[in-house]
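Below is a colleague's note for the bench, set out as numbered points. Please read it with the coordinates open beside you.

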Amino acid sequence: MSFVEYGDTIKDGDTAIVFLGHESMFPVKVQHGSVTQTKYGVIRHSTDLIGKKYGSKVTCSKGGWVFILHPTPELWTMNLPHRTQILYSTDISIITMMLELKPGSIVCESGTGSGSLSHALIRTVAPTGHLYTVEFHQQRAQKAREEFREHGVEHLVTVTNQDVCKNGFGVSHIADAVFLDIPSPWEAIGHAKSALKAEGGRICSFSPCIEQVQRTCLAMEEYGFTEINTLEILLRVYNVRSISLQIPDLGKAAEDDSSTGFDSRNPSNQGSPCANLQQGTVQFKSGVPLREMVGHTGYLTFATKS
Amino acid sequence: AMEGGARPGPRICEGDCAVLKRDDVFKAVPVLRRRKIIFEKQWFYLDNAIGHIYGTTFEVTSGGNLQPKQEVEEATTETKEAGTDNRNIVDDGRSQKLTHDDIKALKDKGIKGQEIVQQLIENSTTFRDKTEFAQDKYIKKKKKKYEAVITIVKPSTRILSTMYYAREPGKINHLRYDTLAQMLTLGNIRAGNKMIVMETCAGLVLGAVMERMGGYGSIIQMYPGGGPVRAATSCFGFPKLFFDNLHEFPLSKVDSLLSGTFSTETLPSEPEDNVLVEEESNGLADEKQTSLQETEEESATEAAMEINQTEEQETMDINAEDVEFKENKEKENKEHVREKQRKQWERRKKLIETAALLREKNADGLIVASKFHPTPLLLSLLEFVAPSRPFVVYCQYKEALLECYTKLRERGGVINLKLSETWLRNYQVLPDRSHPKLTMSGGGGYLLSGTTVVLEKGKSDSSNLEALKVEEPSPKRCKVQDLHC
């Protein structure tokens, strides 16, 4: 397995995703002799995992079962250990497309954070591209390096521990795209410009606050970026449910009474829907929105280096 | 530190598909000499653009030629005279002293747009009473109208999906570009995959998938009717080798393939007879002019399966009226028949190869975005996908996906089913004037996504268990963090 290539069977050293049920998953490092506890019982790596096909059902010691999934950056995003607030796939998707990323792209990113976006970027630029990611927190930078190594993608990424606002990305005039998710992105626009290739490079800045966005847009303009565009994207999820609505009892119309009732003109009322209910309910399928949804992650500002 | 030379970007070449851009309006056109282009109420030829770098901005000269726009120093902002609010500004339509004719005269004299805007400002009685913001807005509006600049950009998924959604959403089932972006990520589209794509979006979705695969891996495009439509795909300008591992397979043969009764005896009707393909032709180029698109479509209808065939071979078949051919007409007819037979044999051979690829049932993912009801497509095409792989279905209508979801639950072998849509909003960001833009898309379609798992047939209890497992947890246990996307 690898985060940039599919494998069929689970191997020693893989990172696999254990799926327990609706939105209940966690990552596991597959190792000979290791054991993983789940609420359905124990999973023994040597007998239950290694050699099994990804997507298989594994029965745990207590009798319950789980599915073992091949890792993808999207699954990783949903299950990775948070060291910082992360970007989720909804934002990652539009960032990837608007930055025009593809195999072979050279991308710069700061800050690395928990590596959520990093994994997605690496996946997209593989096998011939590269990610230069800058993180000013020493431990986070180190943890990111370790994770990339564990996930078999270290050849596609360079982690640099420095302050992007002071020292830039460590590369010059080669990046196809730059991504900023830092507190003061306007301070890094100049460095972003010099990291980007001569013409046509794309930049994206992610900021939760509109004031940050305003400052960043101004800086982008000052540095000669064009096509400056700010947007936000939110995900709306629907639960598919069978709904049963009760028909209210509107009473029975009296013999000669032309008052309330569906088809009061028609004395023999059998045609009306109201009368047609032995069950007293109407059933239908509905896509029901969730009670709460994410209302804001951040504003995304894109621009082109001209 | 890695250094890059000041390598210029790709240059505009004859034969390219380029995209014209003016503000937020895009149009895809073939780059051909002496071909008149209409774009945003302007007529011009692209000849002068050839050789320039993509991203260059041009002005249209009086002769209908393009000229790179010079970088002009914006007039320094001396403290402009401005008002504080509009309480005394009356819009009687008489504040502009220049008439239509005056402006036309200026244009005819060849006065540049910049100068015209300056004239309009000077001849507006209310300009100096406007607030600075209103003056800004006024200038922007006049510039937009009179300073017509066109940028020629290189096509990409970003550009083409935005263009199609704005210009011809009907051709792509109203798939909004952010929804397409979600599909590419949810589907883990990347180099090396073996993808199955089924779309009726003029080939835009196929092109987007191809871009993200970078020529690596393989794609099997399922198609309805006589042949796949790839009008938008040709806009991307992919190198020829990207098409080496692009296969196609008719939907009409899927059932037989799944039941084991597949044969190449009855191929889908010859593409020439297939009106469907022609009707779905790309109307982006001006209808009255032959365009690269139409040439591509002729090729497509001529030989839907033989994407790699050179155009010479194709024109050979069409060009029966050619004088030289008349002389050896009989001989040519025989050759023509032989050529047709050879092509048929090629088609059969490719079909068998593609069927074999499908029969392996190890595809790395499935993308569906079509006008058809998604349920039968999913239920059959998922059979060709390996376990633990993502799939994404797009539908313009939520209701169809409700049904699809239900049927998938009954089938089993899928987890993490999610029905979603994305909400997208653009912003105007200006000092003291930042707010969401006034209009936004009302809807961009819906997605149903999930992951395949090993399908255990005939074990109804396991699918029940699965259904139980994915029931919505009771309200008490629903925490906000569980709702993160």
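1. Two terms come first: pLDDT is the predictor's confidence in each residue, from 0 to 100, and a contact means heavy atoms within 4.5 Å. In chain B, residues 459-485 stay under a pLDDT of 50, and the model has 32 contacts beyond four places in sequence for this stretch. Residues 271-318 of chain B also stay under 50, with 93 contacts beyond four places in sequence. Where pLDDT is low, the predicted coordinates should not be read in detail.

2. As to conventions, this is a predicted model, in which local features need pLDDT of at least 70 and side-chain atom pairs count only at pLDDT 80 or more, while totals for chains, interfaces and linings use all residues. Residues are numbered from 1 along each chain as its sequence is written, chains are lettered from A and ligands numbered from 1 in the order in which they are written, and side-chain values use heavy atoms, with hydrogens and water left out.

3. On overall confidence, the model scores ipTM 0.92 and pTM 0.86. Chain A has a mean pLDDT of 92, with 92% of its residues at 70 or more; over its residues 268-276, however, the pLDDT is below 50, and this stretch has 9 contacts in the model beyond near neighbours in sequence. Chain B averages 83, and 78% of its residues score at least 70.

4. How many residues does each chain bring to the contact? Chain A brings 81 residues and chain B brings 74. The two chains bury about 6800 Å² between them, 59% of it on carbon and sulfur atoms; buried area here is the accessible area (1.4 Å probe) that two parts lose on being put together, summed over both.

5. Between chain B and chain A there are 5 salt bridges, a salt bridge being a side-chain nitrogen of Lys or Arg within 4 Å of a carboxyl oxygen of Asp or Glu. In one salt bridge, the side chains of A:K57 and B:E456 meet at 3.2 Å, N to O.

6. Which element gives the most to the side of chain B that touches chain A? Helices (H or I, at least four residues) and strands (E, at least two) are taken as DSSP runs, numbered from the N terminus. The elements of chain B that each supply at least two residues to that side include α4 (157-167), α15 (398-411), β14 (414-428) and β16 (446-452), and β14(B) gives the most, with 12 residues.

7. β14(B) also pairs with strand β13 (residues 225-246) of chain A, in the antiparallel sense and over 9 bridges, where pairing requires that DSSP finds at least two bridges between two strands. Within this pairing, A:T230 has B:Y427 as its bridge partner. Strand β13 of chain A also holds A:E227, which has a positive phi of about 55 degrees although it is not a glycine.

8. Two cis peptide bonds in chain A deserve a look. One joins A:S110 and A:G111, with omega about 0 degrees, and A:G111 is found in the loop between β7 (106-110) and α4 (116-125) of chain A. The other runs from A:A126 to A:P127, with omega near 0 degrees, and A:P127 is in the loop between α4 and β8 (130-134) of chain A.

9. Over all chains, the whole structure has 25 salt bridges. Among them, A:R83 and A:E147 have their closest N and O atoms 2.9 Å apart. This pair links distant parts of the chain, 64 residues apart: A:R83 is in the loop between α2 (73-79) and α3 (89-98) of chain A, and A:E147 is in helix α5 (residues 138-150) of chain A.
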